[in-house]
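Subject: Structure handover

Hi,

Here is the structure I promised to pass on. Have a look at it first, and then read on for what turned up.

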Amino acid sequence: MATSDSSASYRMTEGIPGTLSTAVREHLRKLCLREFPCGTGSWNKSRFLPQTWRAWRDLVPKEEETVSAGEETVEALLGLVRSKHSPWALMKGSSAEDHFLRELAIQHPLMIKDTFFYSYFRSLRVVDKGVSLVDKDLLKFLKLEELVLSANKIEEIDANNLPSTLKVLELYGNLITSMECLCSPAPPNLQHLGLGHNKLQGPLESLYVTSRNWPQLVSLDLSFNELTDLQSMIAGLSTLKHLRLLVLQGNPLALVPYYRGFIVDSLARLCVLDDITVSPSEKHQFRGLSIHGDLLAREAQFLVTIGNVRGVIDSSVLDPEPGPEGPFISYSYYVTYDFVEDEDGERNVLASTMAETHPDSALAEMVEPSSSVEQLDEEGGEDQQEVLLEDHHGVQRQTRPARQVRRQRIRSESPEVMSKELSEFIAEEMNQMAEDSGESGITDMESETTISIRSAPLPQSVDSSEELSKLRPRIDPRLCPSPGTVLFSTVRKPWTDVIPCNYEMKHTLKELVRVKNFLLAGTTVTIVEEKILSWPVMPTPVESPLPAKKGKGDKKEKEKEKEKEKEKEKGKKQKAEEAAKEKDKKGLKKKKEPPKELRQDPPVLRVLGSGLVYLEPLLAGDSAVTTVCNFGVIRTMESDRLTHARDSKKIKKVPKKEKSKMATPAFESGYQPEPLTVEVQIQLHQYRSVEEAFLSLLD
């Protein structure tokens with residue numbers, strides 16, 4: 001809205017993008033307060049007398065029974081802005097103030113001036129308008145009591161530009177890093193301050209929440225920032241005599257188990273904490289906790305529980321019966337999830353895990369912090385050269401320096417790029433381990449068995465290394481932990497219709513900022529099938545001694561041969577009798593038992609289902625997240641029919657005719673396979689009484 005009596009200072013900031021005054025003027029311009037059907041024009045000019053020689057009271061429109069030709073009545077003009085189907089109607093979601101201004105511009109268009117705005121409005125809401133600077137033109141609003149500047153791009157506010165009449169100030173969803181800018185000086189009559197979803201951090205913020213800066217403050221919202229020191233923050237808040245409502249959830253300091261009890265006992269006048277009323281019984285339960293607050297550990301405690309897994313396909317029924325030479329196939333199933341760990345704890349968990357599974361792997365040193373990577377690079381140019389290794393067959397194979405080059409690249413990139421590179425590097429290292437183990441398994445099989453199936457010879461040159469890598473199985477990236485987390489898994493269980501995991505793990509973490517970031521990202525839960533192929537170990541052939549010369553001992557040797565033949569005949573008769581007895585027992589074919597000595601191939605892992613579990617409710621005040629992850633149906637009618645047929649043989653012997661009549665209708669009519677699901681619960685531990693908090697000190 002461009003007016004002739006706008007002040008010069010307003011014109012100075014009118015064209016500056018990002019200022020509050022520019023956003024206000026742009027919003028008023030979009031309301032079209034001086035265009036049809038608002039304002040003055042040919043549609044209502046006869047309603048007003050000339051403005052040159054009339055007093056102010058004469059400028060009010062006079063009631064006339066009739067209007068001139070081509071003009072509209074006030075009621076007709078109001079109908080144009082009130083009707084939902086009118087092209088002059090406001091858009092959905094417009095505020096009540098916008099509707100009021102539009103109707104005022106029709107009824108009293110001569111009142112629409114800057115002086116009216118500055119002296120009339122008590123509330124100003126500028127939300128999501130890209131405001132980054134609160135300029136001094138805000139001081140022109142003489143009666144402003146409420147200022148809402150949420151969802152903008154404000155990093156700092158000059159408190160000198162805030163009217164002293166302010167009682168409510170909301171700055172949610174901005175980029176403010178410190179409250180210091182609001183305290184030089186702060187509005188003296190402010191009663192509510194909303195700074196949620198900003199970037200407040202550091203222990204010094206407790207110095208700016210005292211009664212010296214906010215003597216009349218009743219309500220304070222600092223939710224979803226980066227505040228970590230609960231004790232110092234409560235020390236500053238305890239000086240606010242009028243504080244009755246406090247919101248601190250979403251901060252790292254709210255993750256400690258004594259969070260609510262410590263605040264309730266420290267701030268006796270508090271009525272509402274995190275939108276939950278503080279009851280007298282709650283005050284009694286935590287009485288005395290604030291005295292020993294410094295002794296309590298500043299750490300978060302989580303309990304992860306994984307229950308039953310349902311809907312898993314039984315892959316063993318689809319495999320053929322093993323022959324005498326194998327392979328003997330076994331399946332097991334487990335659930336994995338990633339969880340954040342402290343830097344020291346993460347290092348220890350990864351090192352121990354990799355030492356148990358892959359003692360010669362480079363994955364353990366890869367996930368170490370950058371300091372260990374630097375040490376690897378400082379060890380010299382040996383890692384940068386290509387090395388020829390010789391296996392026990394005498395065949396030379398060439399290793400590529402890709403991992404060393406990748407380590408240098410990870411160290412030189414930015415943190416964001418480094419996390420992405422790190423996850424890719426983990427997958428490559430695990431793939432390399434699979435390749436190494438696969439190669440070792442092949443060489444062992446060729447050296448220990450006499451039967452081997454060989455394909456056409458592949459090129460052995462260095463140029464074909466990429467083609468060879470494509471032929472090898474790759475590790476699913478979902479089996480790798482996310483950057484900054486550690487992968488945990490349940491115990492491997494055999495297949496059943498309902499696989500009980502019965503898994504519980506307690507996580508205790510001291511780095512609260514990392515914990516908050518992890519909760520915002522969530523955890524990935526994965527159901528994995530592990531397939532292991534076992535092969536019989538063939539005994540090495542023993543060289544028979546050379547035949548001795550015929551002499552005096554020929555008769556003794558002939559006698560020994562006759563005795564051996566008799567013993568063989570007796571053994572054959574005994575075996576035939578035992579076989580006849582076994583056939584007479586049940587009449588069922590007995591599966592061939594695998595030999596005692598087996599050599600196992602590296603496990604083949606297959607992801608059956610994977611999904612993200614959102615953990616943000618734990619930051620918003622919920623004590624636990626309980627969910628059933630549904631990954632869809634992976635079973636088939638064929639696999640379920642085979643599983644049912646196998647299980648029916650184990651349960652009871654039924655004639656074949658009756659068995660076919662009982663089994664087939666169950667699958668053909670209304671077949672509804674059960675989806676793949678897993679029960680997951682992640683609980684944030686919170687003390688329920690002062691006794692429970694003190695007992696934790698004894699542990």
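A quick definition before the details: a salt bridge here is a side-chain nitrogen of Lys or Arg within 4 Å of a carboxyl oxygen of Asp or Glu. Keep in mind that this is a predicted model.

Glu226 and Lys516 make such a pair, with their closest N and O atoms 3.0 Å apart. Glu226 sits in the loop between strand 5 (219-221) and helix 6, while Lys516 belongs to helix 15 (residues 512-521), so this salt bridge ties together parts that are 290 residues apart in sequence. The two ends differ in exposure: Glu226 is partly exposed at 22% relative accessibility, whereas Lys516 is buried at 3%.

By that rule, the count comes to 16 salt bridges. Two others I looked at:

- Glu103 and Arg82: the closest N and O atoms are 3.1 Å apart. This one links distant parts of the chain, with Glu103 in helix 4 (residues 96-107) and Arg82 in helix 3 (residues 74-82), 21 residues apart. Glu103 is partly exposed, with a relative accessible area of 25%, and Arg82 is exposed at 51%.
- Arg635 and Asp640: here the closest N and O atoms are 3.9 Å apart. Asp497 comes in as well, since salt bridges that share partners join Asp497, Arg635 and Asp640 into one network. Arg635 is buried at 13% relative accessibility, and Asp640 is buried at 13% too.

Now over to Gln249. You'll find this residue in the loop between strand 6 (245-247) and helix 7 (259-266). Gln249 has a relative accessible area of 13%, so it counts as buried. What does Gln249 touch, leaving out residues up to four places away in sequence? The list is Ser223, Phe224, Ala254, Tyr259, Asp274, Asp275, Leu619, Ala620 and Gly621. Gly621 is 372 residues from Gln249 along the chain, yet their C-alpha atoms are separated by 6.5 Å.

One of those contacts, Tyr259, is also among the buried residues of helix 7. The others buried in that helix are Arg260, Gly261, Phe262, Ile263, Val264 and Asp265. With 7 of its 8 residues buried, helix 7 is largely enclosed by the rest of the structure. What do the buried residues of helix 7 pack against? Their partners are helix 6 (230-237), strand 6, strand 7 (272-273), strand 8 (276-277) and helix 8 (280-285).

Cheers

How values were computed:
Residues are numbered from 1 along each chain as its sequence is written. This is a predicted model: local features need pLDDT of at least 70, side-chain atom pairs count only at pLDDT 80 or more; totals for chains, interfaces and linings use all residues. Side-chain values use heavy atoms; hydrogens and water are left out. Helices (H or I, at least four residues) and strands (E, at least two) are DSSP runs, numbered from the N terminus. Buried means under 20% relative accessible area, exposed over 50%, partly exposed in between (1.4 Å probe, protein chains only). Contact means heavy atoms within 4.5 Å.
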